[in-house]
Every structure is written in structure tokens, then in C-alpha cells.
Amino acid sequence: MNNELFEKATRLNETLFEQFSKAAEMQMNAFRRYADVTMEQAQKVSEVRDLEGLKALTGDQAETLKSLSEQFSNDWKAWQDYFNETREQVQKVFEKAPEPDEAPAKTTPKTAK
């Protein structure tokens, strides 16, 4: 029993480490994407010099907002998939596999004739 508990704890730690690594990578990728968009938009704003430039910027920002909305949806779906995968992995850790030395349930011994 003690050995089984230790094995489950080890599998849980391995699973959590793997899943947290995936989460950290997803967060860093999202941060980079959104930081890049922010910097790009800040640069475009700084380049506006006249009314025509402002009109072009607002048109460009509408497209940027549309693509950001799509990216938010994709990120949300990726996080939902991640949470589902994590839940499944943790459940697998706690599923008890049948021990090889356990006898099958409800067997009847043969009687001697």
C-alpha cells in the first residue's frame, strides 16, 4: 500500500510538471503575440502625421481588432483543451489498475468427486 501511494504520488508529480510546463509555454506564446501586436499598433500610432494617416490607422485597427478577436477565441479553445487534457491525465494517475496477484472475483472452487 505504501509503495502504491508513493508510485501514485510520483506519477502525479510527473503529470503536473508536464502539464504546468505546457501551461507556461502557452502563456508565454500568447504574451509574445499580444505584446507584438501592441508594439506594432504603438508604432503605427506614432507615425500618424495628418488626418489621412489617422483614417488609415483607424481602418487598420478595425482589422487588427478582428484578428485579435479570432486569436482570443483560438486561445480560449486551446486553454479549454489544455484543461480537459490535464483533468484526464490526473484522473489516469488515480485510476487503480488491477494487481497481477489478485484473484478474479467470484470464482467457485471445483469439488472433488
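**Two helices, side by side in the listing: a walk through the model**

Of the 113 residues in the protein chain, 13% count as buried. Keep that figure in mind. This is a predicted model, and the mean pLDDT of the protein chain is 85. Of its residues, 83% reach 70 or more. There is a weak stretch. Over residues 102-109 the pLDDT is below 50. Beyond near neighbours in sequence, that stretch has 1 contact in the model. I will leave it there.

Now the architecture. The protein chain has 2 helices and 0 strands. Helix 1 covers residues 2-46, which is 45 residues. From first C-alpha to last, helix 1 reaches 65 Å, close to the 66 Å expected at 1.5 Å a residue. Helix 2 runs over 51-94. Helix 2 has 44 residues and reaches 64 Å, close to the 64 Å expected.

What covers the buried residues of helix 1? Helix 2 is included in that cover. And the reverse holds: the cover over the buried residues of helix 2 includes helix 1. The contact statistics are next. Take contacts between residues at least 6 apart in sequence: 76% of them join residues at least 24 apart. As for surface, the protein chain exposes about 9,700 Å². Carbon and sulfur atoms supply 59% of that area.

Which residues are buried in helix 1? They are Lys8, Thr15, Gln19, Ala23, Ala30, Tyr34 and Gln41. For helix 2, the buried residues are Leu57, Thr64, Leu68, Asp75, Trp79, Tyr82, Thr86 and Val93. Look at the chemistry in those two lists. Lys8 is in the helix 1 list, and Asp75 is in the helix 2 list. A general point helps when reading such lists. An α-helix has 3.6 residues a turn, so residues three or four places apart point the same way.

Let me take three positions in turn.

Start with Thr15, in helix 1. Is Thr15 buried or exposed? Thr15 has a relative accessible area of 12%, and the cut-off for buried is under 20%, so Thr15 is buried. Leaving out residues up to four places away in sequence, Thr15 touches Gln89, Val90 and Val93. Val93 is also one of the buried residues of helix 2.

Next, Val37, also in helix 1. Val37 has a relative accessible area of 26%, so it is partly exposed rather than buried. Setting aside neighbours within four places in sequence, Val37 is in contact with Thr64 and Leu68. Both partners appear among the buried residues of helix 2. How far apart are Val37 and Thr64 in space? C-alpha to C-alpha, 8.2 Å, with their positions 27 residues apart in sequence numbering.

Third, Tyr82, which lies in helix 2. Tyr82 counts as buried, because its relative accessibility is 6% and the cut-off is 20%. Not counting residues up to four places away, Tyr82 touches Gln19, Phe20, Lys22, Ala23 and Met26. Gln19 and Ala23 are among the buried residues of helix 1. Tyr82 and Gln19 are 63 residues apart in sequence, but 8.1 Å apart in space, C-alpha to C-alpha.

Tyr82 takes us to the aromatics. The model has 4 aromatic pairs. One of them is Trp79 with Tyr82, edge-to-face, at 5.4 Å centre to centre and 85° between the planes. Both residues lie in helix 2, 3 residues apart, about one turn of the helix. Trp79 counts as buried too, because its relative accessibility of 19% is under 20%. Trp79, Tyr82 and Phe83 form one aromatic cluster.

One last contact, back on the other side. Arg33 lies over the face of Tyr34, at 5.8 Å from the ring centre. Tyr34 is one of the buried residues of helix 1.

To close: two helices, no strands. Each helix is part of the cover over the buried residues of its partner. And the caution again: below 50 in pLDDT over residues 102-109.

Terms used
Residues numbered from 1 in each chain as written. Predicted model: local features only at pLDDT ≥ 70, side-chain atom pairs only at ≥ 80, totals over all residues. Heavy atoms only, no water. Helix = DSSP H or I, 4+ residues; strand = E, 2+ residues; numbered from the N terminus. Expected span 1.5 Å × (residues − 1). Buried < 20%, exposed > 50% of the residue type's maximum accessible area, 1.4 Å probe, protein only. Contact = heavy atoms within 4.5 Å. Areas by Shrake-Rupley, 256 points an atom, 1.4 Å probe, with all protein chains shown as cover. Phe/Tyr/Trp six-rings, centres within 6.5 Å; stacked < 30°, edge-to-face > 60°. Lys NZ or Arg CZ within 6 Å of the ring centre and 35° of its normal. pLDDT = per-residue confidence, 0-100.
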